[in-house]
Amino acid sequence: MTEVLSDSFALAGRQMRHIRRMPEQLLGITVMPVAFVLVFGYLFGSAMQVPGQGGYKEYIMAGIFAQVMLANLTTTAIGVVEDLNNGLVDRFRALPISRSSVLLGRTTADLVLVGWTSAIMAVVGYLIGWRAHNGVLQTLAGFGLLLLMGFAMSWLGALVGLSLRSPEAVSALSGVVMMPLAFLSNAFVPPEGLPGWMRVVVEWNPVSAVVSAARDLFGNERGASSGAFPSEHPVIAALVVLLALLAVVVPLAGRAYQRAAARR
Amino acid sequence: METAISAEGLRKRYGDHQALDGIDLEVPAGTILGVLGPNGAGKTTTVRILATLLDPDEGRATVAGYDLATQAKLIRANVGLTGQYAAVDERLTGRENLQLIGTLLRLGRKGARARADELLEKFSLVDAADRMAKTYSGGMRRRLDLAASLVAAPPVLFLDEPTTGLDLTSRLALWEMIKEQVDAGVTVLLTTQYLEEADQLADRIAVIDKGVVIADGTPDELKREVGGERLEVSVASLADLTAATRVLADVSPQEPVVDRDSRTVSVPLAGGVNTIAAAATGLERLGIEPQDFAVRRSSLDDVFLALTGQRGADEDPAGPTGPAQQDDQAAQAEQQKEMQAA
Ligand SMILES: Nc1ncnc2c1ncn2[C@@H]1O[C@H](COP(=O)(O)OP(=O)(O)OP(=O)(O)O)[C@@H](O)[C@H]1O
Ligand SMILES: [Mg+2]
């Protein structure tokens with residue numbers, strides 16, 4: 001077990017070196033979310049009707065955080081495909097190291113990056129007026145839950161990358177799957193005003209559960225519960241969904257890695 | 001002699017394509033086996049199976065004394081693999097690439113650094129050691145790749161087309177490095193499409209085609225099997241070629257091989273000097289003045305042609321161009337290959 005951890009650590013260090021070598025990459029992954037915070041907070045803020053006193057700035061932050069976590073799927077998938085296609089996966093698989101450490105190293109490194117992005121976003125959010133109202137512990141719990149989502153998405157991304165094996169296919173799939181997941185959730189729009197069937201979809205969308213949970217933990221208003229379970233108990237629902245997803249996806253990704261063969 | 005690699009009846013199927021159809025191999029410790037075969041013969045599949053990257057559908061193998069089915073991790077600890085396409089992390093420097101492998105092999109921070117320095121030195125990469133591998137030429141990348149597979153100082157080495165796409169200078173340099181390994185007692189299984197490479201490096205050669213070993217032996221044995229020495233006659237006109245063919249057919253028990261493009265005809269030299277004399281007399285009687293009349297030892301090229309019905313890859317793709325340019329071309333060729341593959 002300690003071997004797995006130290007190998008993962010060495011492999012995660014490899015990605016950190018990539019970043020150090022090309023800091024503009026880091027800038028690249030941070031600019032979009034920060035722009036989201038500013039655009040939604042400032043531009044749309046005045047036009048949107050949301051529950052509570054905090055206004056749209058308070059409402060939207062948890063949504064943008066969740067959107068960033070969702071996008072972590074693509075980051076990991078693309079990274080895995082790259083390693084697969086330039087032969088590094090073969091190189092690592094031919095070494096007498098635990099095979100789980102390669103994926104664990106990558107998902108950990110991607111988690112660190114997404115954590116960094118979140119920290120910057122939180123600072124920018126604070127500057128434009130976003131506040132968490134429930135004290136340090138609950139706020140940290142909120143970030144913890146969001147990062148758990150980022151980690152789960154990362155493992156799902158590893159599985160997707162190992163299965164699709166081409167960057168084009170990964171981009172196409174993530175476009176098709178992630179847009180509806182993000183926009184058919186309560187991340188950007190309160191579900192109250194939506195037509196009936198759409199509202200049901202939004203309420204049961206797992207992304208909504210994570211977003212609601214984060215809003216609750218941050219003490220940001222999210223309006224009245226509709227009575228659906230994920231809306232009544234968002235923290236429990238979010239934890240169950242994310243842990244179940246990890247329980248399914250981690251072994252599957254591990255198996256896909258064992259068999260991994262670049263398509264040539 | 002001790003056996004370092006042995007495979008029995010390896011089979012692998014992709015969809016409805018039988019990539020390997022029962023491969024048997026045997027490599028004594030401390031020797032080089034050259035696996036020769038055209039595109040798609042199953043060379044890479046064989047290597048990937050023996051390096052534990054791919055499970056065979058059927059068959060057994062032992063590598064470095066360990067069983068493929070049950071002791072994969074021990075095999076991994078005892079083999080180095082250089083795949084067909086250089087596997088280096090482009091965004092790390094050469095030194096970092098080697099250190100990462102060393103760390104993963106638990107050499108410790110100091111040990112990994114020392115081993116990296118040693119290999120950089122040995123593979124003439126010291127000057128480029130702290131540049132990103134992205135900036136390396138095809139030849140440098142190949143050397144780094146080979147160095148990476150040697151970090152653990154493994155007793156068994158798999159090299160899948162290690163010199164494809166390299167210019168002559170880089171190829172010769174790599175040959176030297178491979179020979180050094182064997183002198184140090186390492187067992188090497190090397191695949192190649194270059195007949196000359198197998199001839200130069202290998203103690204024994206296995207020719208595979210369509211997933212089966214169709215011949216094996218020492219380079220000399222293979223050449224002898226396919227006909228030993230040949231008498232080769234080139235003439236000036238196609239009319240002369242027809243006549244010369246008739247003459248050679250008379251002096252040899254076997255059918256002459258005719259190449260109309262080069263107006264050359266040849267036969268196996270079964271009867272030694274008598275055959276030569278008879279052929280010369282015959283040609284003279286018909287008044288044919290050969291442009292070339294020579295005895296030629298059959299090359300592995302002939303072996304390959306005779307066995308598989310097709311020519312091996314051409315040697316030295318980049319002729320008289322300068323080394324730097326050649327490296328570029330090689331890199332391009334490799335890139336193209338990779339792009340086609342993707
Ligand atoms: N992952 C795969 N899926 C489907 N078919 C495959 C796969 N890998 C190899 N093949 C097929 O198996 C056969 C043997 O392939 P292999 O890569 O072992 O050949 P090779 O001798 O290494 O050829 P080359 O000289 O081109 O590298 C080929 O016909 C190839 O198309
Ligand atoms: Mg091959």
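Here is a short tour of the magnesium ion and ligand 1 in this structure. The model is predicted. In chain B, Thr44(B) and Gln84(B) serve as the protein donors of the magnesium ion (ligand 2), and both residues are also listed among the closest to ligand 1.

**The magnesium ion**
- Thr44(B) offers its OG1 atom and Gln84(B) its OE1 atom, at 1.8 to 2.1 Å from the ion.
- Thr44(B) sits in helix 1 (residues 43–50) of chain B, while Gln84(B) belongs to the loop between strand 6 (79–82) and helix 3 (94–104), so the two donors tie together parts that are 40 residues apart in sequence.
- With a relative accessibility of 25%, Thr44(B) counts as partly exposed.
- Gln84(B) has a relative accessibility of 16% and therefore counts as buried.

**Polar contacts of ligand 1**
- The side chain of Lys43(B) places an N or O atom 2.7 Å from an oxygen atom of ligand 1.
- For Gln84(B), a side-chain N or O atom lies 2.8 Å from an oxygen atom of the ligand.
- Gly42(B) takes part through its backbone, with a polar atom 2.9 Å from an oxygen atom of ligand 1.
- The protein covers 68% of the 640 Å² of accessible area that ligand 1 has on its own.

**The shell around ligand 1**
- Ligand 1 is surrounded by 14 residues, and the closest are Gly40(B), Lys43(B), Thr44(B), Thr45(B) and Gln84(B).
- By type, the shell holds 8 polar, 4 nonpolar and 2 charged residues.
- Helix 1 of chain B gives the largest share, 3 residues, and strand 2 (17–28) of chain B supplies at least two.

Notes. Residues are numbered from 1 along each chain as its sequence is written. Chains are lettered from A and ligands numbered from 1 in the order in which they are written. This is a predicted model: local features need pLDDT of at least 70, side-chain atom pairs count only at pLDDT 80 or more; totals for chains, interfaces and linings use all residues. Side-chain values use heavy atoms; hydrogens and water are left out. Donors are N, O and S atoms within 2.8 Å of the metal (3.2 Å for Na, K and Ca); water is not among the atoms, so sites may look incomplete. Helices (H or I, at least four residues) and strands (E, at least two) are DSSP runs, numbered from the N terminus. Buried means under 20% relative accessible area, exposed over 50%, partly exposed in between (1.4 Å probe, protein chains only). A residue is near a molecule or strand if one of its heavy atoms lies within 4 Å of it. A polar contact is a pair of N or O atoms within 3.5 Å; within protein, one must be able to donate a hydrogen and the other to accept it, and residues adjacent in sequence count only if both atoms are side-chain atoms. Accessible areas come from the Shrake-Rupley method with a 1.4 Å probe; for residues, only the protein chains shown count as cover. Ala, Val, Leu, Ile, Met, Phe, Trp, Tyr, Cys and Pro count as nonpolar, Asp, Glu, Lys and Arg as charged, and the others, Gly among them, as polar.
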